[in-house]
Amino acid sequence: MTSVSCWYFVGATGRRMDVDASLEHSEFLRLSHPELPNGLLRWPLKDLRALADQARTDQIVLSLRADTAIDSALIEEARLTVDDLQLIADIQMLCPDLSKRDLPEGSARKIVTRIGMAVGAIVMMIFVVLPAMANTLAYIIPIKREVAYGKAVVRQMERFFGGSTAGELVCSTPEGDAALAKMVARLTEALPTDYELNVLVMRHDMVNAFAAPGGQIVFAEGLIEQAISPDEVAAVLAHEIGHVESRDATRGALRAAGSAGLLSMVFGDFAGGTAAVVIAEYTLNASYTREAEAEADTFAHNMLEAANVSTVGMADFFGSLDGLEDEMPDLPIYLSSHPDTQERADLATEFAKGQGTTLPVLDDDEWGALKAICD
């Protein structure tokens, strides 16, 4: 075949040479120039690759198949620009792998290794670095900001319950509010807290209660209905106050926000919507460590004793939940994610044996008013 003039670029120097190119026996692309090694190069047609994403359509830029990665394009350094239309057509016909993208040997292993390292880094951030940062930040954040943060979380939780506007699902009657305030005062006067507690009841069948950051404590209506005595509700309240005082909810929310923010950056959603949703979901399904739960139980025992309220109510409430989750598997149950419910009930019973004289936290009329707060 008649040779045509093409541009040959030496990668090491970027120097351009005008070489003569021709096809040889339909097996090689022959390049001739006095300054080439021995004046001649033969590029096997099966090893030719065309560079992708070239602006011009009247030419192709060729290189040899990459057995070793030289740069980010994974191509050999030497390149040949062909603008003769007939030679281009012949090369395209004889080279079925012209557009193939080759990976050098070991690339798959490197990719898997790097993905593994990236996943490992994310896992370490979520399970090691972020918890450590959350523990520190929980005690650095001013209480005023923590309260504002907690109120925002409670509003988001209300949306999960189906409320369209803030406060729509909050239960309130004059008598019920007074009974709840008396319960809070009875407990906190005996054992003062660092927070001004904001305790409320929301309309929802869930048998649950949870503490949000900044002293925000929410009872679902289902828990109030499930309780047999006001001392049972007081026990749950004291337990949640224990989480508030230890800033467990704040640490958890910070950790959830950090995890969601990190995952949002990796997978998208930079607006922070994911973080808000995850924080609310975390709070609704809060499952603290065994140590945190044990500490909250101990706090509750001491708070109830200081208020002259029997911990038998705590044991009775735990006992009433036994088997309830099996009966209502689709209904979130308070402490369903907490470990060893019966063991903790036994501890509350044993603690009660050492208590002195106790009095119900509310009288019958006040208890009836609290039970009817959502009516």
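# Helix α4, two loop asparagines and a sheet

Trainee: Starting with α4. Which residues there are exposed?

Mentor: P174, E175 and E189 are exposed, on the other side of α4 from its buried residues. Keep in mind that this is a predicted model.

Trainee: And which residues of α4 are buried?

Mentor: G176, A179, L180, M183, V184, L187 and T188. Look down the axis of α4: these buried residues fall within an arc of 155°, so they line one face of the helix.

Trainee: Why would spaced-out residues share a face?

Mentor: An α-helix has 3.6 residues a turn, so residues three or four places apart point the same way.

Trainee: What do the buried residues of α4 pack against?

Mentor: Four elements are listed as partners: β9 (198–202), α6 (230–245), α9 (290–306) and α13 (364–371).

Trainee: What span should α4 have, at 1.5 Å a residue?

Mentor: Helix α4 covers residues 174–190, which is 17 residues, so it should span 24 Å. Its end C-alpha atoms are 24 Å apart, which agrees.

Trainee: New topic. What is the phi of N38?

Mentor: Near 60°. That is a positive value, and N38 is not a glycine. Most residues other than glycine have a negative phi.

Trainee: Where is N38, then?

Mentor: In the loop between β3 (28–32) and β4 (40–44).

Trainee: Is N38 buried or exposed?

Mentor: Exposed. Its relative accessibility is 85%, and the cut-off for exposed is over 50%.

Trainee: What about N308? Where does that one lie?

Mentor: N308 lies in the loop between α9 and α10 (312–321). N308 also has a positive phi, about 60°, without being a glycine. At 42% relative accessibility, N308 counts as partly exposed.

Trainee: Now the sheet. How many strands, and in what order?

Mentor: It is an open sheet of 7 strands. The order is β4-β3-β2-β1-β7-β6-β5, and the pairing is antiparallel.

Trainee: Which strands stand at the edges?

Mentor: β4 and β5 (48–50). Each has a single partner strand, so one side of each is left without a neighbour in the sheet. The twist averages 35° from one strand to the next.

Trainee: How many bridges join β6 to β7?

Mentor: 3 bridges. β6 is residues 60–64, β7 is residues 79–82, and they run antiparallel. V61 stands opposite T81 in β7.

Trainee: Which helix packs on the sheet?

Mentor: Helix α1, residues 85–94. It touches β1 (4–9), β2 (16–24), β3, β5, β6 and β7. The direction of α1 makes about 55° with that of β2.

Definitions and conventions:
Residues are numbered from 1 along each chain as its sequence is written. This is a predicted model: local features need pLDDT of at least 70, side-chain atom pairs count only at pLDDT 80 or more; totals for chains, interfaces and linings use all residues. Side-chain values use heavy atoms; hydrogens and water are left out. Helices (H or I, at least four residues) and strands (E, at least two) are DSSP runs, numbered from the N terminus. The expected span of a helix is 1.5 Å times one less than its number of residues. Buried means under 20% relative accessible area, exposed over 50%, partly exposed in between (1.4 Å probe, protein chains only). The arc is that of the directions from the helix axis to the C-beta atoms. Contact means heavy atoms within 4.5 Å. Two strands pair if DSSP finds at least two bridges between them. Axes are lines fitted to C-alpha atoms, for helices over the stretch in contact, and angles run from 0 to 180 degrees between N-to-C directions.
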